Amino acid sequence: MIYENILEATGNTPLIRLNHMTGPEDAQILVKFEAMNAGGSIKTRTALNMIEAAEKKGLIQPGKTTIVEPTSGNQGIGLALIGAVKGYRTIIIMPDSVSEERRKLVRHYGAEVKLIHDAGNIGKCIDECLETAMKMAAENPDVYVPQQFENEANSQAQKEQTGREILEQAGITIDGFCSGIGTGGTITGVGEALKEANPDVEIWAAEPEHAAILSGGEVGTHIQMGIGDGVIPAILNQKIYSHIEIVTDEEALETARELASKEGLMCGISSGTNVAVAKRMARKLGKGKTVVTILADTAERYFSTPLFEGQ
Ligand code: PMP
């Protein structure tokens, strides 16, 4: 089979059992390995769905429209990839606290990067990124801002693609699902798909210790990039999860390192967060049950971060 372009190779990522990270009395954990998407993360799916939804509505046109998006990383890489393939000028606005690899990847796809200084509050910085994007849109009618935090096409991609794939690939009852929250697209979309298949599925949210906003905590700086952006996103279905677990940076790092060294799964820090919570859930649900979570991106965009410290 020949793909017409790299975008067609997005999705249909493998669902993989963890073999060395649960105890004999625990539920099994299955992970959706999103590093294998074109663009190296789950966010290529959502970026593509948002762009194609806007194209269908006649809102944007290659060669004419400039796509501008505030993002803490992977969504920007996905949009830059799409811009390269489809012929859109793309400008990504991101906090200067996200990993240097993210900026380089965006630029390598031929897109432009605008950095906004993060003075220690990621939520405030993301707000400033959004203000900059909206100002550019106000000044130029050919600028389109997908606005992943409020664009329904984001959670729709997670429901109709990621969620549906998990159900088809597992072929058994999914008893538990957990995920960190960036835009909330993943937990909302996948959560809704799994709940439609099994109304009793238990869904837990994960928050970084220093951005546990849904748990009423303060927002500071953390390294679990892609989640805990310090905002409560408009597309987040706050009724989809029954419980919130908090994860420290240390536990997220340690778990992400174990995923590589024990399971051969090269993934980012938020994947460590997700699996740390999946392990707690597997312990609670117990033997015979199935817990699913997401490994959102590849470890290879974290060389400059504490994930690879000392290596
Ligand atoms: N992990 C990483 C590495 C991400 O880039 C994102 C996207 N922001 C997420 C997790 C969270 O996904 P969502 O935006 O769907 O909540």
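Helices are DSSP runs of at least four residues, numbered from the N terminus. In this predicted model, helix H6 spans residues 185-197, and threonine 186 lies in it.

Threonine 186 is a good place to begin. This residue is buried, because 34 other C-beta atoms lie within 10 Å, and the cut-off for burial is 20 or more. Some of its contacts lie beyond its neighbours within four places in sequence. These partners are Ile42, Gln158, Ser179 and Ile294. Serine 242 offers a comparison of sequence and space. Threonine 186 and serine 242 are 56 residues apart in sequence. From C-alpha to C-alpha, 15 Å separates threonine 186 from serine 242.

Threonine 186 also belongs to the surroundings of the ligand. There are 18 residues around the ligand, and Thr186 is among those that come nearest. The others in that nearest group are Gly182, Gly226, Ser270 and Ala296. By residue class, the shell around the ligand holds 12 polar residues, four nonpolar residues and two charged residues.

The next element is an open sheet. Four strands form it, in the order E5-E4-E3-E6, and their pairing is parallel. E5 and E6 are the edge strands, since each pairs on one side only. Strand E6 covers residues 143-144. E6 runs parallel to strand E3, residues 66-70, and two bridges join them. Within this pair, threonine 66 stands opposite valine 143 of E6.

At the other edge, strand E4 (residues 89-95) and strand E5 (residues 112-116) are joined by five bridges. E4 and E5 also run parallel. Here isoleucine 91 is placed opposite glutamate 112 in E5.

A helix connects this pair. Helix H3, residues 100-108, forms a right-handed β-α-β unit with E4 and E5. Three residues of H3 are buried: Arg102, Leu105 and Val106. They lie on the same side of H3, because they cover an arc of only 100 degrees around the axis. The cover over these buried residues includes E4 and E5, together with helix H2 (74-86). Just after H3 comes glycine 110, which adopts a positive phi of about 90 degrees.

Methods: Residues numbered from 1 in each chain as written. Predicted model: local features only at pLDDT ≥ 70, side-chain atom pairs only at ≥ 80, totals over all residues. Near = placed C-beta within 6 Å. Nonpolar A, V, L, I, M, F, W, Y, C, P; charged D, E, K, R; others polar. Pairing = 2+ DSSP bridges. Right-handed = clockwise from strand over helix to strand, strands pointing away. Buried ≥ 20, exposed ≤ 12 C-beta atoms within 10 Å, placed from the backbone. Arc of directions from axis to C-beta. Contact = placed C-beta atoms within 7 Å.
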